[in-house]
Amino acid sequence: MGDHLQVERDPDGVAWVTIDRPEARNALSRPLNLDLTRLAGALGADPDVRAVVLTGSGDKAFCAGADLKERKGVSAADTGAYVDAISGAINAWARLPRPTLALMNGSAFGGGMELALACDFRIAVEGAQMALTEVRLGIMPGAGGTQRLPRLIGVARAKELILLGRRIDAARALEIGLVMQVAAREGLRDAAAAVLAELAGCAPRSVEMSKQAIERGIEVGIDEGLRIERACYEVTLFTEDRNEGLRAFAEKRSPRYTGR
Ligand code: COA
């Protein structure tokens, strides 16, 4: 998948995706944005994909955001299309129907942070720096940052980070609920594997429908949200996995979910 995106599929249906541009701190170039968009579409359409892990190569950056060198050469007239390409890629990741985990092997700035915000779970390496730096660059977050960050950590804290362009480290990110876990570098992959093992004990359709209920429900009033929840719930009622879950409970054994 392109020159700067590596994809490995493991036998459990997990796609491990690595942004591989360490020399540019995994910055989001035009071709990379296109590849990320296409890949998200392909992974989302593949029923065998149970979860997706997104990480960066090297030990410096998860993703340093928009490619600022490339961006320097973009005319004012083309800037809209440039921003659309980044937000298109990040929104495509946010729309993935199955669970996504940003495994933050290093710092995340600007669009890199917005990419992490578009994932369901975030695990950061100790010491990783994070910031929405845009206001310090004379722009503003344009790939979901102003919308997803307040939904995740609340308006007051999001304003601190966005309006001040403040940098925080992984420990602070954990305190404010921006990441779910901080791990030492040597334990980073194991930390992801532990979450994936937890997910493996959950019925894939149940997880997918729960994700959908949360994502759609957070945008609407509670009554409409409850209707969305009910509609999602009904999908799980007619799955083989529902019967398997009940059988396994009765037989006092672990369930073997198939996603059907
Ligand atoms: N776009 C393009 N290239 C980038 C980049 C970006 N966003 N971020 C880093 N790079 C490049 C640097 O220009 C440098 O290239 P060079 O070797 O040709 O000079 C290379 O990656 C290494 O960067 P460097 O700053 O030396 O590495 P570092 O490990 O000391 O610091 C960062 C890494 C990410 C902390 C730092 O590069 C940085 O602050 N980048 C900008 C992040 C940002 O504000 N992004 C928001 C964009 S909206």
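I began by fixing a term: a polar contact is a pair of N or O atoms within 3.5 Å, and inside the protein one of the two must be able to donate a hydrogen and the other to accept it. I also noted for myself that this is a predicted model.

**Entry on T37**

With that term in hand I looked up T37, where a polar atom of the side chain lies 2.7 Å from the backbone oxygen of N33. T37 sits in helix α1, and I recorded it as partly exposed because its relative accessibility is 30%, which falls between the limits of 20% and 50%. Setting aside residues up to four places away in sequence, I found T37 touching G88, A89 and A92. I then compared positions far along the chain, and between the C-alpha atoms of T37 and L237, which are 200 residues apart in sequence, I noted a distance of 32 Å.

**Entry on R21**

Next I turned to R21, which I found in the loop between β2 (14-19) and α1 (30-45). Is R21 buried or exposed? I put it down as buried, since its relative accessibility is 12% and the limit is under 20%. A polar atom of the R21 side chain lies 2.9 Å from the backbone oxygen of A27. Leaving out neighbours within four places in sequence, I listed the contacts of R21 as H4, N26, A27, S29, L32, S57 and D67.

**Entry on the ligand**

I then asked which residues come nearest to the ligand. There are 14 residues around the ligand, and R25, A64, A66, L68 and K69 are the ones that come nearest. Sorted by class, this shell holds seven nonpolar, two polar and five charged residues. I looked up three polar approaches: an N or O atom in the side chain of R25 is 2.9 Å from an oxygen atom of the ligand, a backbone N or O atom of L68 is 2.8 Å from a nitrogen atom of the ligand, and a polar side-chain atom of T133 is 3.0 Å from an oxygen atom of the ligand. Taken alone, the ligand exposes 870 Å², of which the protein buries 62%.

**Entry on the nonpolar core**

For the largest nonpolar core I wrote down 66 residues, and those touching the most other members are L43, W93, M104, M113, M130, L149 and L178. Helix α3 (residues 76-94) gives the most to this core, contributing seven residues. I followed L178 further and, not counting residues up to four places away in sequence, found it touching M113, L117, R122, M130, L149, I153, L161, I168 and A173.

**Entry on D169**

D169 belongs to strand β9 (residues 168-169), and I recorded it as partly exposed, with a relative accessible area of 34%. Its C-alpha atom is separated by 5.8 Å from that of G127, although the two residues are 42 residues apart along the chain. Beyond four places in sequence, D169 touches A128 and Q129.

**Entry on T239**

Last I looked up T239, in the loop between α10 (222-237) and α11 (240-250). I noted T239 as buried because its relative accessible area is 10%, against a limit of under 20%. What does the side chain of T239 reach at 2.8 Å? I found that it reaches the backbone oxygen of T236. Leaving aside neighbours within four places in sequence, T239 is in contact with R205 and R260.

Key:
Residues numbered from 1 in each chain as written. Predicted model: local features only at pLDDT ≥ 70, side-chain atom pairs only at ≥ 80, totals over all residues. Heavy atoms only, no water. Core = buried A, V, L, I, M, F, W, Y, C linked by side-chain atoms within 4.5 Å. Buried < 20%, exposed > 50% of the residue type's maximum accessible area, 1.4 Å probe, protein only. Helix = DSSP H or I, 4+ residues; strand = E, 2+ residues; numbered from the N terminus. Contact = heavy atoms within 4.5 Å. Near = heavy atom within 4 Å. Areas by Shrake-Rupley, 256 points an atom, 1.4 Å probe, with all protein chains shown as cover. Nonpolar A, V, L, I, M, F, W, Y, C, P; charged D, E, K, R; others polar.
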